[in-house]
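Here is a short report for a first look. It covers a helix pair and the surfaces near two DNA strands.

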Protein chains: 2
Amino acid sequence: MPVTIRDVARASGVHISTVSRTFSAPHLVNPDTRVRVLTCAEDLGYRPNRAARALITGRTHNLGLIIADIANPYFPPLIKAAESQARRRDYHVFVADTNEDPTAEEELVHALAKQVDGVLLCSPRMSNSLIEQLSREVPLVVVNRQVTGLPCVLMDVGQGARSAIEHLVGLGHRDIALLGGPRNSWTNREMRRAAGTAARAGGAELTVLGPNAPTEVGGAAVAEQVRRSGVSAVLAYNDLMAIGLVERLDALGVRVPQEVSVVGVDDITLSRLTRPKLTTVATPTGAAGRTAVDMLLQQDVESPRGARGPGSGPALGVRRTTARVMLQTDLVIRDSTGPGPYARPAPSPAAPHGPDPHCPAGPRIPTG
Amino acid sequence: MPVTIRDVARASGVHISTVSRTFSAPHLVNPDTRVRVLTCAEDLGYRPNRAARALITGRTHNLGLIIADIANPYFPPLIKAAESQARRRDYHVFVADTNEDPTAEEELVHALAKQVDGVLLCSPRMSNSLIEQLSREVPLVVVNRQVTGLPCVLMDVGQGARSAIEHLVGLGHRDIALLGGPRNSWTNREMRRAAGTAARAGGAELTVLGPNAPTEVGGAAVAEQVRRSGVSAVLAYNDLMAIGLVERLDALGVRVPQEVSVVGVDDITLSRLTRPKLTTVATPTGAAGRTAVDMLLQQDVESPRGARGPGSGPALGVRRTTARVMLQTDLVIRDSTGPGPYARPAPSPAAPHGPDPHCPAGPRIPTG
DNA sequence: GACAATGCTGCAACCGTTTGCATTAATGGC
DNA sequence: GCCATTAATGCAAACGGTTGCAGCATTGTC
């Protein structure tokens with residue numbers, strides 16, 4: 001029933017190779033023939049079978065995008081940016097959700113491997129060694145994880161965490177909790193490391209609570225623990241957890257930011273809509289999506305899988321781009337952070353540490 | 001570089017057809033041979049090329065899922081449900097986002113057509129006739145839209161809107177606004193129709209404002225208009241708009257629900273986390289995803305595209321399932337609705353209209 | 001008028017699988 | 001000991017395209 005290249009060839013009285021060329025190399029076919037073929041194709045509603053084409057060209061013009069959790073509002077901007085960037089280069093993006101499950105991740109890479117020209121692995125939860133192994137099956141670009149030998153797009157959450165801690169210390173907080181995220185998250189490790197050093201430098205005590213699920217529920221679940229721990233400020237793994245925490249603290253009668261200050265990470269749309277509006281570390285998710293697609297396509301164009309040309313043997317894998325891009329994060333100060341127990345009565349004009357939350361330049365402060 | 005069936009055949013000293021059978025019809029090959037082939041395959045890291053297989057079997061074991069906007073938290077539960085249901089049937093789901101753009105929808109169906117066994121079209125924005133036309137290219141199941149001749153999964157937003165209006169009328173509201181959604185949305189039309197009749201029946205005046213973008217921004221944008229219109233209650237196209245509206249009303253100094261009551265639709269997670277918590281019509285998105293996948297697979301198993309068997313000619317398209325499933329919605333009463341200007345001083349024990357918001361059975365009321 | 005250059009088209013091999021059919025060897029029945 | 005089964009494997013044709021190469025006119029040049 002579906003119309004193939006042969007149907008078009010028959011209808012227009014030419015060989016299938018001429019039809020093929022009409023679409024993939026129009027300059028090689030006589031203008032008259034071309035229009036004849038095109039009209040027939042149009043009439044019959046012919047559309048080249050991309051899978052069949054990929055079989056011989058080795059390029060599907062599809063990209064895979066594997067993410068931990070679609071329900072996390074952190075990802076949609078990344079997805080949309082990746083999609084529009086891909087479309088601009090005449091590629092389509094297939095998104096798949098793994099439910100934060102490493103096994104699902106692996107299975108999905110396998111399933112996608114032959115149907116796409118490359119895969120974007122966002123916030124993967126599997127081990128680095130497995131990722132490296134999978135990268136031999138299909139070109140990979142990793143987002144939010146550093147894997148040696150593979151192109152990576154990272155957000156500087158280290159600087160972000162540091163800025164957040166400095167901000168809190170500057171407000172007079174000395175006892176700060178870090179709400180950890182998923183166990184296998186690179187971001188989580190980075191934040192923990194950076195927050196630790198920043199706290200030590202600022203003379204504050206950092207308590208790590210976690211790991212936790214990176215969701216509202218995960219944040220809400222530690223509210224009781226936060227209250228008992230006696231800290232006056234919290235840096236959460238992401239906005240979702242921060243929001244869940246604030247909500248639950250409120251239910252427990254703990255006021256934010258009067259009694260406890262809370263900082264999130266990501267600056268999802270939602271963080272502007274809750275009350276109090278969330279102070280957070282903005283991560284450039286859109287830029288990450290675009291950059292990742294670019295890196296994938298660049299690496300990919302250099303070495304198409306099905307290449308039969310001369311240099312295809314030894315050159316493969318040699319010119320592999322292994323760039324590592326680090327994107328800058330910004331601290332966005334809103335209403336969920338306020339003076340802590342050690343706050344100086346009046347703000348000094350030149351604060352010795354960290355960005356001054358009352359600085360006239362506006363609330364958006366680059367952390368890089 | 002990628003290892004093919006030929007490599008495995010060579011390594012294990014058998015013909016490629018034997019290798020093929022080892023995977024797709026193991027009972028046809030000698031146990032000894034089988035283990036030999038399997039070990040070789042394992043050693044070489046062989047994985048069948050699904051695209052090549054699909055070329056001849058006509059089944060890709062992939063499903064496409066096209067949705068209007070990934071960023072809308074309404075969809076993730078649907079996506080996840082569809083994915084897990086598909087996985088249970090050994091299918092993979094590729095998700096694609098159209099940014100509410102009808103042209104992108106069409107293009108995506110074309111791109112997916114040959115790479116999947118069927119497509120789920122969620123809340124499409126294109127015309128019914130175009131959908132019907134596309135359905136000749138690939139099996140389609142439509143969600144949130146009624147298209148004659150095609151299998152559809154619908155949520156009973158009509159009943160939902162009616163319940164919401166009855167709830168508001170019961171609270172003493174007589175001037176109600178309906179915040180319309182996107183122009184080409186079936187849901188939008190249904191809500192408008194049902195809300196209209198319900199309002200008339202309850203002796204209330206219904207003002208329709210819209211169409212609007214179905215987002216927080218869209219909701220916020222009409223806040224001023226809502227205030228000027230003098231209505232005491234609003235039914236929004238979805239929770240996102242309701243939340244945007246509430247937020248903006250608050251900024252304008254209009255208190256919810258004291259001065260204006262607001263009802264949303266969808267019951268997204270977020271609606272429980274804003275203040276006030278949102279009264280809303282819960283839609284069974286997970287069930288919709290599961291059902292849609294089931295319908296697609298059922299229709300699909302009956303008539304694989306590449307079928308070369310006897311009845312493949314005339315039977316095709318005859319047994320097409322055109323079921324229409326209508327899923328029930330629930331009114332969930334929370335804190336964003338309260339007594340209106342015409343409220344009776346004390347709630348009568350037996351309210352003559354609509355569900356009593358204080359009924360002891362709990363806040364979840366089936367509208368079907 | 002012979003010859004080379006050029007433009008267009010057809011031929012056929014190939015991509016990685018599946019599958020109906022033929023072939024072969026082993027088994028069982030008589 | 002012969003023939004009919006049966007089990008296991010190989011052969012080759014598909015699936016829907018792409019592409020290097022060859023063929024054939026046509027044109028231009030001398």
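The text below takes the helix contact, then the DNA surfaces.

This is a predicted model: local features need pLDDT of at least 70, side-chain atom pairs count only at pLDDT 80 or more, and totals for chains, interfaces and linings use all residues. Residues are numbered from 1 along each chain as its sequence is written, with chains lettered from A and ligands numbered from 1 in the order in which they are written.

Helix 4 (residues 50-57) of chain A meets helix 4 (residues 50-57) of chain B: their axes come within 9 Å and cross at roughly 130°. Helices here are DSSP runs (H or I, at least four residues), numbered from the N terminus. Axes are lines fitted to C-alpha atoms over the stretch in contact, with angles from 0 to 180 degrees between N-to-C directions. The two helices are therefore oblique to each other, a term for angles that are not under 35 degrees, over 145 or 65 to 115.

Ala51(A), Ala52(A), Ala54(A) and Leu55(A) make the contact with Ala51(B), Ala52(B), Ala54(B) and Leu55(B). Contact means C-beta atoms, placed from the backbone, within 7 Å. The contact residues are eight nonpolar, no polar and no charged. Ala, Val, Leu, Ile, Met, Phe, Trp, Tyr, Cys and Pro count as nonpolar, Asp, Glu, Lys and Arg as charged, the others as polar.

Now the DNA. A residue is near a strand if its C-beta atom, placed from the backbone, lies within 6 Å of it.

| Surface | Nonpolar | Polar | Charged |
|---|---|---|---|
| near DNA strand C | 12 residues | 11 residues | two residues |
| near DNA strand D | 13 residues | 11 residues | two residues |

Helix 2 of chain B gives the most to the surface near DNA strand C, six residues. For DNA strand D, the largest share, six residues, comes from helix 2 of chain A.

How values were computed:
Contact = placed C-beta atoms within 7 Å.
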